Amino acid sequence: MDTSLPPRAAAVLEELLAGNDRYAHDRPSHPHQGRRTRAALAVGQHPAAAILACSDSRVPPTLIFDQGLGDLFIVRNAGQVLSPDALASLEFAVLELDVPLIVVLGHQCCGAVRAAAATFGGDDVPEGHLAQVLAPLAPSVAFASRQAGGDDLEVLSELAGLAHLRLTVKALRRAGPIIAGRVAEERLGVVGLRYEFSTGLTRRVDAGAAVGVGA
Ligand SMILES: [Zn+2]
């Protein structure tokens with residue numbers, strides 16, 4: 001049990017990590033699915049956690065954590081960016097659904113982060129509305145470029161992805177008044193998890209490690 005989190009949040013995180021372990025080792029239990037669950041949920045939802053995740057088709061939170069219908073309140077966009085819309089949806093989950101835990105779910109080889117890294121410092125302007133998605137990633141890419149000490153796009157992208165995950169967790173914990181208030185009251189936990197394609201597992205990425213990035 002993670003003692004840095006409120007007890008309810010720690011218990012939910014433990015359940016999600018247990019589900020992730022089942023998924024990663026090809027032993028999913030596919031809980032809470034089927035007609036009876038669907039019918040029981042028609043009157044309301046009580047999800048255990050809210051997830052801010054990337055839209056990447058390879059990273060579906062319900063499958064990765066081996067959960068079912070009604071278990072996870074999921075907000076997704078390219079690069080799991082904490083946009084005003086995403087924040088509003090997470091506030092709904094906290095305020096109306098009383099979730100005790102928000103997970104920010106990053107992942108290896110994120111196309112959105114890679115695109116932000118590829119355009120960093122250059123003259124390439126993304127087409128259409130993509131610039132709006134990539135702009136919030138710029139501080140993480142700038143931090144990563146100082147860390148990377150070179151121009152290897154793969155290295156820069158992975159470092160930027162880690163920095164972005166840490167920064168997003170930090171920003172979410174400070175997002176007032178609703179989320180920051182519940183975190184301060186120890187009624188809500190916010191954690192960062194990074195999904196790895198190579199193992200199928202997620203690992204905890206602490207917000208505190210991004211010292212100097214938008215602190
Ligand atoms: Zn992604």
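Helices, as the word is used here, are DSSP runs of H or I with at least four residues, numbered from the N terminus. The exercises below concern a predicted model.

**Exercise 1.** Determine in which loop Pro177 lies, and what the geometry of the peptide bond from Gly176 to Pro177 is.

*Solution.* Begin with the place of the residue: Pro177 belongs to the loop between helix 8 and helix 9, the latter covering 178-184. Then turn to the backbone, where the peptide bond from Gly176 to Pro177 has an omega near -5 degrees and is cis.

**Exercise 2.** Describe how helix 5 and helix 8 pack, giving the angle, the distance between their axes and the residues that meet.

*Solution.* Two packed helices are described by the angle between their axes and by the distance between those axes. For helix 5 (residues 111-119) and helix 8 (residues 153-173), the angle is about 120 degrees and the axes are 9 Å apart. Angles of 65 to 115 degrees count as roughly perpendicular and those over 145 as roughly antiparallel, and the two helices are therefore classed as oblique to each other. The crossing in which helix 5 passes helix 8 is right-handed. On the side of helix 5 the contact is made by Val113, Arg114, Ala116, Ala117 and Ala118, which meet Leu153, Leu156, Ser157, Ala160, Gly161 and His164 of helix 8. Sorted by character, the residues of this contact comprise seven nonpolar, three polar and one charged.

**Exercise 3.** Establish how strand 1 is covered on its two faces and which strands it is joined to.

*Solution.* In a regular strand the side chains alternate between the two faces of the sheet. In strand 1 (residues 49-54), six of six residues are buried; Ala49, Ile51 and Ala53 lie on one side, and Ala50, Leu52 and Cys54 on the other, so that both faces are covered. Next, consider the pairing: six bridges join strand 1 to strand 2 (residues 72-77) in a parallel arrangement, with Ala50 opposite Phe73. Strand 1 also runs parallel to strand 3 (residues 101-107), to which four bridges join it, and here Leu52 stands opposite Val104.

**Exercise 4.** Decide whether His32 and Gln80, both with a positive phi, are buried or partly exposed.

*Solution.* His32, in the loop between helix 1 (7-24) and helix 2 (35-40), has a phi near 55 degrees. Because it has 16 C-beta neighbours inside 10 Å, His32 counts as partly exposed. Gln80, located in the loop between strand 2 and helix 4 (84-95), has a phi of about 35 degrees. With 28 C-beta neighbours inside 10 Å, Gln80 therefore counts as buried.

Conventions
Residues are numbered from 1 along each chain as its sequence is written. This is a predicted model: local features need pLDDT of at least 70, side-chain atom pairs count only at pLDDT 80 or more; totals for chains, interfaces and linings use all residues. Axes are lines fitted to C-alpha atoms, for helices over the stretch in contact, and angles run from 0 to 180 degrees between N-to-C directions. Angles under 35 degrees count as roughly parallel, over 145 as roughly antiparallel, 65 to 115 as roughly perpendicular and the rest as oblique. A crossing is left-handed if the near helix is turned anticlockwise from the far one by less than a right angle, and right-handed if clockwise. Two residues are in contact if their C-beta atoms, placed from the backbone, lie within 7 Å. Ala, Val, Leu, Ile, Met, Phe, Trp, Tyr, Cys and Pro count as nonpolar, Asp, Glu, Lys and Arg as charged, and the others, Gly among them, as polar. A residue is buried if 20 or more other C-beta atoms lie within 10 Å of its own, exposed if 12 or fewer, and partly exposed in between; C-beta atoms are placed from the backbone. Two strands pair if DSSP finds at least two bridges between them.
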